[in-house]
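Please look at the structure shown here and read the report that follows. The report deals with the places where chains meet and with the residues packed inside.

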Amino acid sequence: MMDADVAPARGARGPALASVWADRLGFFVIWTLAGFALLLLIAPSLIVVMISFTETAYITFPPQGFTFEWYADLFSRQQIVESAVTSLRISLWSTTIALLLAVPAAFSLVRGRYPGKTFAGALIVAPQMIPGMVIGVALLFFGAYISFRQSDLMLVLGLTVFCLPFAVRLVMAQLQLLNPALEEASLSLGATKKRTFVQITLRQIVPAIVAGAAFVFIESFDNLTVALFTASPRARPLAVELYNLVQFDSSPMVAALSSLEILLAFVVMLVLGRTIGLERLAK
Amino acid sequence: MTEAFWTRFRDGRGVWPAVPAFVFLAIFFIAPMGVLFSFGFTEIERGQVQENGFTLRYLTDTLSDDLFWWVWWKSFYIGTLSTLLCFLLAYPLAYLYSESGRRMRLLILVLTISPLLTSAIVRTYAWLVILGGRRGVINSTLIELGLIERPFRMLNTDFAVIIGMTQVHLPFMVLPLITVLAARDRNMEAASLGMGASRLSTFFRIVVPLSMPGIVAGLTIVFALSYTNFIIPQLLGGGGFTTLAVQVYEQIVVILDWSKGAMLALLLLGSCFVFILMIGLAGNRVMRWSVKETVE
Amino acid sequence: MIDAQGINKFFGANHVLRDCDLTVEGGEVVTLLGASGCGKTTLLRCIAGFETPDAGTLTLAGQDVTRLPPNQRDVGFVFQNYALFPHMSVEENVAYGLKARKAPADQIKREVADALDLVSLTDFARRFPNSLSGGQQQRVALARSLILQPKVLLMDEAFNALDAKLRGAMQVELRKIVKRVGITAVCVTHDQSEALTISDRIAVMAEGRIEQFAAPAQIYDNPTSAFVADFIGAANILTRDAAARFSHAAKTLNGNAALVIRPENVMLGGTPDDGVAGKVVFARLTGPAMEYEVALADGTVLRALVDRDGHVPLAVGADTQVAIRNPDACVALPGAA
């Protein structure tokens, strides 16, 4: 119904030829950058894993031959095995403590009604805004102040502070998704408060608790920034051990150790994917 | 247990379920942060706090030291460059995610989250291998192909540190962008195309501005991480390479001057907050449209 | 069975229930009908025990339950989106209440089978709620409540989540099931046709008050307020002056302030002496009837529903005569229109 002598709006006859080419070029650049980003994400891990199988006594690419020798070498080094056990023990402790603190706190922060709740929530996730190094240093200084030395305990405490926000936020997110009608339904069906809490409320946040545990565990296990300042110099966790190896050891054994850590990451990711889904983790 | 107990727990009506966490953080987070703060203004010898040791010496000494400003500039420029590079790569990847089908999305998520769960040292180690001397991946490939005769020096350069940081922090930029881009309202783009805009200008004038919340979140996180990272500069930058974060580590662990280390840590933390605040304010200016008008 | 007296409820400064009295006989199906925010859901939640009234008493089967928690009241509640436990199968959902009561396993098994049979879901026992359609989910929710043989069944907008066609069928189905079981039921809805389908009596609510509580026909034929007249079915509500033009209606009006005339009681196209002149401003086909809006000389607009049988449709703009078919079917209201 447009008047014949009114000029059509710009572009009403389809974009001009030039802009088609600009479109193609522009999106070619965008897709190329995306591809490069993908390459950047995957290549380093892939290269490390490949190198771990080389038969040469030094790091080389492409790797020569195929051997599990470096993995065997890894397990024959007592210091590495010991530090792995130390890391495992420490991570299990920090995971346990972080969850014991985080789950009730998340309940209070999501469902509680009291003045200052926003502030309380901000306080609990505050450590997330502080770099691990600063948390470690602060704990080290605090220890010096009260004559509390670097130790497994100090490391566990530091890691718990560092990881608590992740655990609280994961559980809070799940709690916010819960439908309060489900709990009312349970009560109206005659279930006690306790039964309702255990079978309906808690049961539904189990995925978040499992995911939180997996996340805190791997963060603790891999952590270097807190550990460098708080770990006992005698029983070094694996991350600190690896930090030293990376700087001073050029044997493919380091690549083998790194490959095992990558494998561990995939196991944890599988757990996360199965419990709360990877998309949720993106938030 | 009594009904009342479970009622209170279920409803979380009180503050008390959060109290253990508060107490824990008060003792092992707030108090240590306080000590860290006070150490920056105290004379300490051999780990012993001296009586009446309050001093502004460390603050004035540090701020009047040219070396400090040079190191600070290095931190700032490495952090900024790697953040921008991160953004340049992460945005197209997140956009690709939002335009992809289920399988591709899963692949991108797996590739983005797996490095997040891998130790930062492992990821940095990979760069030692890739950028390394004659046997490094890049050099050995180039020599093999006959393109060069002698290896490039790539390790122990600014470039190595920036590329290492970019790679290690890429997931932190990709994830918030994925969240906003995947949830965006595609009718906006259809409307833009319908009004005759080209795809490219729709991308820059509709998609990018609407994803601003994710952009601000990503820039903030990645800048904070890059600015305070001391592992990557140490491993990829070589012995002479230093940033503010590296200085903190060296003062405390190597030189054992805790007061200086504490002061540097405070300045690192303080300046980091200032930059984050600036990113946030800039973001708010750009995102004025997202503010909900409150009608009274 | 249910006796609520003088129920008042505040949310902060909001007075959401004002002196509500509601008495429901055993085996009766009652609907609380009203627009959103009228307090109907709050009243239902007070009966269920999810909310505690700030004043008033609530008796269930002779027992004062005003302060009793929901899990001790013996009421069944069907939620708006059914609130089925997503991590439990249909069977487990239905068995939940019996398990909570620590019933023996063989009894649980038998009663769950019976309950699923009642709602025709025997084949779905092992499915999870998310794999069921809306109608099936609703029947699971119903079975889950009915299996406990509660004193009363409460339903909160139980048909909201269903699409329009299924909704009608499920309303009929629900009324049949509830009547077969013989349970006392209170439903909440904002949909008048749902209320008319399932209820023995309807309580129309507005602004926290029960405006009228009566059988559906009574509410339709004798609304006690302009609000009720307007809410149930369509109504022309004429002021005294406008109504006075219709000579036959004056007797019914009898000094009251307003007159309710249902559209189907408005007759078009009579002879000039028994009607008022008007002009058609809108016309549409509703299926079996034509619906018109006719403007009178003073600007009053009347809605008229005319059976199509033998009726020659009027065009918009046509002049016509408006009259009242049966003056006795008009209702006079004392309050202002």
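Across the interface of chain A and chain C, five residue pairs are in polar contact, both residues of each pair being at pLDDT 80 or more. The model is a predicted one. On the chain A side of this interface, α7 (180–188) and α8 (193–222) each supply at least two residues. By class, that side has seven nonpolar, seven polar and four charged residues.

How many salt bridges does the rule find between chain A and chain C? There is one salt bridge across this interface. E184(A) forms a salt bridge with R45(C), and the closest N and O atoms are 2.6 Å apart. In terms of contact, 18 residues of chain A meet 21 residues of chain C. The two chains bury about 1700 Å² between them, and 62% of this lies on carbon and sulfur atoms. Within chain A, the residues that lose the most area to chain C are E184(A), S188(A) and L189(A), which together account for 37% of what that side buries. E184(A) thus appears both in the salt bridge and among the residues that lose the most area.

Chain A also meets chain B. The table sets the two interfaces side by side.

| Interface | Residues in contact | Buried area | Share on carbon and sulfur atoms | Salt bridges | Residue pairs in polar contact |
|---|---|---|---|---|---|
| Chain A and chain C | 18 residues of chain A, 21 residues of chain C | about 1700 Å² | 62% | one salt bridge | five residue pairs |
| Chain B and chain A | 90 residues of chain B, 94 residues of chain A | about 8500 Å² | 81% | zero salt bridges | eight residue pairs |

For the interface of chain B and chain A, the eight pairs in polar contact are again counted with both residues at pLDDT 80 or more. Helix α2 (residues 19–39) of chain B gives the largest share of the side of chain B that touches chain A, namely 15 residues. Sorted by class, that side of chain B has 67 nonpolar, 16 polar and seven charged residues.

Next come the nonpolar cores. The largest nonpolar core has 182 residues. The residues with the most contacts inside this core are F141(A) and L228(A) from chain A, and L36(B), L117(B), Y125(B), L170(B) and F230(B) from chain B. Helix α6 (residues 152–177) of chain A contributes the largest share of the core, 15 residues. Leaving aside neighbours within four places in sequence, L228(A) is in contact with V240(A) and Y243(A) in chain A, and with F230(B), I231(B) and Y249(B) in chain B. Another core lies apart from the largest one and has 76 residues, including V29(C), C46(C), F50(C) and M155(C).

Chain B has 14 helices and two strands. Of its 296 residues, 53% are buried. Among contacts in chain B between residues at least 6 apart in sequence, 68% join residues at least 24 apart.

One residue of chain B serves as an example. S192(B) is found in helix α9 (residues 187–194) of chain B. Is S192(B) buried or exposed? S192(B) has a relative accessible area of 9%, so this residue counts as buried, the cut-off being under 20%. The side chains of S192(B) and T202(B) are joined by a polar contact of 2.9 Å. Neighbours within four places in sequence aside, S192(B) is in contact with A197(B), T202(B) and I206(B). T202(B) is therefore listed both as a contact of S192(B) and as its polar partner, since a polar contact is a pair of N or O atoms within 3.5 Å and contact means heavy atoms within 4.5 Å.

Note on methods. Residues numbered from 1 in each chain as written. Chains lettered and ligands numbered in written order. Predicted model: local features only at pLDDT ≥ 70, side-chain atom pairs only at ≥ 80, totals over all residues. Heavy atoms only, no water. Buried area = accessible area lost by both parts, 1.4 Å probe. Salt bridge = Lys/Arg side-chain N within 4 Å of Asp/Glu carboxyl O. Polar contact = N/O pair within 3.5 Å; in protein donor to acceptor, adjacent residues only side chain to side chain. Helix = DSSP H or I, 4+ residues; strand = E, 2+ residues; numbered from the N terminus. Nonpolar A, V, L, I, M, F, W, Y, C, P; charged D, E, K, R; others polar. Core = buried A, V, L, I, M, F, W, Y, C linked by side-chain atoms within 4.5 Å. Buried < 20%, exposed > 50% of the residue type's maximum accessible area, 1.4 Å probe, protein only.
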